[in-house]
Amino acid sequence: QVQLMESGGGLVQPGGSLRLSCAASGRIARINAMGWYRQAPGKERELVARITNGDSTNYADSVKGRFTISIANAGSTVYLRMNSLKPEDTAVYYCNFLLIPNYNSDEANYWGQGTQVTVSS
(Lines give C-alpha, C1' and ligand atoms only; values in the text may rest on other atoms or scores of the structure.)
Protein backbone atom coordinates (compact mmCIF):
# COMPACT_ATOMS: atom_id res chain seq x y z
CA GLN A 1 0.00 0.00 0.00
CA VAL A 2 3.01 2.30 0.14
CA GLN A 3 3.09 4.56 -2.89
CA LEU A 4 5.46 7.27 -4.07
CA MET A 5 4.05 10.01 -6.28
CA GLU A 6 6.50 12.00 -8.39
CA SER A 7 6.04 15.29 -10.18
CA GLY A 8 8.01 18.20 -11.58
CA GLY A 9 9.68 16.81 -14.68
CA GLY A 10 9.57 18.50 -18.04
CA LEU A 11 11.47 20.16 -20.85
CA VAL A 12 13.94 22.90 -20.00
CA GLN A 13 16.71 24.75 -21.82
CA PRO A 14 20.35 24.37 -20.80
CA GLY A 15 21.07 26.53 -17.79
CA GLY A 16 17.49 26.33 -16.60
CA SER A 17 16.05 24.92 -13.40
CA LEU A 18 13.48 22.39 -12.30
CA ARG A 19 12.26 21.09 -8.97
CA LEU A 20 11.20 17.50 -8.62
CA SER A 21 9.02 16.33 -5.76
CA CYS A 22 8.09 12.94 -4.39
CA ALA A 23 5.48 12.31 -1.71
CA ALA A 24 5.00 9.05 0.14
CA SER A 25 1.59 7.78 1.17
CA GLY A 26 0.21 4.69 2.82
CA ARG A 27 1.07 2.86 6.00
CA ILE A 28 4.66 3.65 6.89
CA ALA A 29 6.27 3.02 10.25
CA ARG A 30 9.61 4.69 9.57
CA ILE A 31 11.45 6.36 6.71
CA ASN A 32 15.20 5.91 6.98
CA ALA A 33 16.45 7.54 3.80
CA MET A 34 15.28 9.14 0.58
CA GLY A 35 17.00 9.59 -2.71
CA TRP A 36 16.86 10.43 -6.38
CA TYR A 37 18.20 8.21 -9.14
CA ARG A 38 18.23 8.69 -12.87
CA GLN A 39 18.52 6.51 -15.93
CA ALA A 40 19.39 7.73 -19.40
CA PRO A 41 18.72 5.62 -22.51
CA GLY A 42 21.30 2.87 -22.86
CA LYS A 43 22.81 3.55 -19.45
CA GLU A 44 22.47 2.05 -16.00
CA ARG A 45 20.49 3.72 -13.26
CA GLU A 46 22.71 5.92 -11.12
CA LEU A 47 22.43 7.66 -7.80
CA VAL A 48 21.97 11.41 -8.07
CA ALA A 49 21.37 12.45 -4.47
CA ARG A 50 20.46 10.84 -1.19
CA ILE A 51 19.46 12.12 2.24
CA THR A 52 18.64 10.59 5.59
CA ASN A 53 16.21 11.92 8.17
CA GLY A 54 19.32 12.91 10.08
CA ASP A 55 20.12 15.26 7.16
CA SER A 56 23.21 13.42 5.99
CA THR A 57 23.51 13.92 2.22
CA ASN A 58 25.39 12.40 -0.70
CA TYR A 59 25.59 13.70 -4.25
CA ALA A 60 26.98 12.36 -7.46
CA ASP A 61 30.09 14.28 -8.48
CA SER A 62 28.39 15.34 -11.70
CA VAL A 63 25.66 17.28 -9.86
CA LYS A 64 27.49 18.73 -6.86
CA GLY A 65 26.97 22.45 -6.60
CA ARG A 66 23.99 22.34 -8.97
CA PHE A 67 21.44 20.01 -7.35
CA THR A 68 20.03 20.15 -3.83
CA ILE A 69 18.03 17.46 -2.07
CA SER A 70 15.75 18.37 0.82
CA ILE A 71 13.02 16.97 3.04
CA ALA A 72 9.64 18.38 4.02
CA ASN A 73 6.47 17.28 5.79
CA ALA A 74 8.25 15.35 8.52
CA GLY A 75 10.17 13.28 6.01
CA SER A 76 7.22 12.19 3.89
CA THR A 77 8.23 14.39 0.95
CA VAL A 78 11.57 14.74 -0.77
CA TYR A 79 12.56 17.42 -3.27
CA LEU A 80 15.33 17.71 -5.79
CA ARG A 81 16.12 21.24 -6.90
CA MET A 82 18.10 21.19 -10.12
CA ASN A 83 19.90 24.32 -11.24
CA SER A 84 22.22 25.01 -14.17
CA LEU A 85 20.85 22.02 -16.04
CA LYS A 86 22.93 20.45 -18.79
CA PRO A 87 21.92 18.24 -21.72
CA GLU A 88 23.69 15.33 -20.03
CA ASP A 89 21.19 15.61 -17.17
CA THR A 90 18.49 14.32 -19.52
CA ALA A 91 17.06 11.12 -18.05
CA VAL A 92 14.13 9.57 -16.30
CA TYR A 93 14.38 10.48 -12.64
CA TYR A 94 13.12 8.10 -9.96
CA CYS A 95 12.61 8.84 -6.29
CA ASN A 96 13.44 6.20 -3.74
CA PHE A 97 12.44 5.73 -0.13
CA LEU A 98 14.23 3.32 2.15
CA LEU A 99 11.61 2.55 4.76
CA ILE A 100 10.03 0.14 7.18
CA PRO A 101 6.31 -0.45 6.48
CA ASN A 102 5.71 -1.87 9.95
CA TYR A 103 7.87 -1.82 13.03
CA ASN A 104 8.26 -5.60 12.85
CA SER A 105 9.08 -5.54 9.13
CA ASP A 106 12.39 -5.50 7.31
CA GLU A 107 13.74 -2.38 5.69
CA ALA A 108 12.80 -2.18 2.01
CA ASN A 109 13.18 0.09 -1.00
CA TYR A 110 10.21 1.72 -2.70
CA TRP A 111 10.32 3.54 -6.01
CA GLY A 112 8.35 6.26 -7.70
CA GLN A 113 6.99 5.86 -11.20
CA GLY A 114 9.66 8.05 -12.77
CA THR A 115 9.49 11.50 -14.29
CA GLN A 116 11.15 12.58 -17.53
CA VAL A 117 13.61 15.46 -17.47
CA THR A 118 14.76 16.70 -20.85
CA VAL A 119 17.38 19.43 -21.21
CA SER A 120 17.57 20.70 -24.76
CA SER A 121 17.81 23.86 -26.81
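Here are four short exercises, with worked solutions, on a predicted model of a protein chain.

**Exercise 1. Work out which secondary structure elements the protein chain has, and how its overall size fits its length.**

Start with the element count: the protein chain holds eleven strands and zero helices. Reading from the N terminus, you just get β-β-β-β-β-β-β-β-β-β-β. Next, take the radius of gyration, which is 14 Å; the globule rule also gives 14 Å for 121 residues, so the chain is as compact as a globular protein of that length. Finally, look at the C-alpha trace along its principal axes, where the span is about 50 × 25 × 25 Å.

**Exercise 2. Describe the surface, the burial and the contacts of the protein chain.**

Burial goes first: 42% of the 121 residues are buried. Then the outside: the accessible surface is about 6500 Å², and carbon and sulfur atoms account for 43% of that. For charge, tally 11 positive and 9 negative side chains, with the centres of the two sets 5 Å apart. Last come the contacts: of those between residues at least 6 apart in sequence, 55% link residues at least 24 apart.

**Exercise 3. Find which strands pair with strand E8, and say how they run.**

Step one is to locate E8 at residues 77-82 and check its cover: five of its six residues are buried. Step two, go to strand E3 (residues 18-25), which runs antiparallel to E8 and is joined to it by six bridges. In this pairing Arg 19 sits opposite Arg 81. Step three, try strand E7 (residues 67-72), which also has six bridges to E8, again in the antiparallel sense. Here you'll find Phe 67 across from Met 82. Step four, look at the link: E7 and E8 make a hairpin with four residues between them, and Asn 73 in the turn has a positive phi of about 55°.

**Exercise 4. Decide whether Tyr 94 is buried or exposed, and list what touches it.**

First, place the residue: Tyr 94 belongs to strand E9 (residues 91-100). Now apply the cut-off, under 20% relative accessible area for buried. Tyr 94 comes in at 16%, so it counts as buried. Next, skip the neighbours within four places in sequence and see what Tyr 94 contacts: Glu 6, Gly 35, Trp 36, Tyr 37, Gln 39, Arg 45, Trp 111, Gly 112, Gln 113 and Gly 114. To finish, pick Thr 52, which is 42 residues from Tyr 94 along the chain; their C-alpha atoms are 17 Å apart.

Definitions and conventions:
Residues are numbered from 1 along each chain as its sequence is written. This is a predicted model: local features need pLDDT of at least 70, side-chain atom pairs count only at pLDDT 80 or more; totals for chains, interfaces and linings use all residues. Side-chain values use heavy atoms; hydrogens and water are left out. Helices (H or I, at least four residues) and strands (E, at least two) are DSSP runs, numbered from the N terminus. The radius of gyration is taken over C-alpha atoms; the globule rule is 2.2 Å times the number of residues to the power 0.38. Buried means under 20% relative accessible area, exposed over 50%, partly exposed in between (1.4 Å probe, protein chains only). Contact means heavy atoms within 4.5 Å. Accessible areas come from the Shrake-Rupley method with a 1.4 Å probe; for residues, only the protein chains shown count as cover. Lys and Arg count as positive and Asp and Glu as negative; His and the chain ends are not counted. The place of a charge is taken as NZ of Lys, CZ of Arg, CG of Asp or CD of Glu. Two strands pair if DSSP finds at least two bridges between them.
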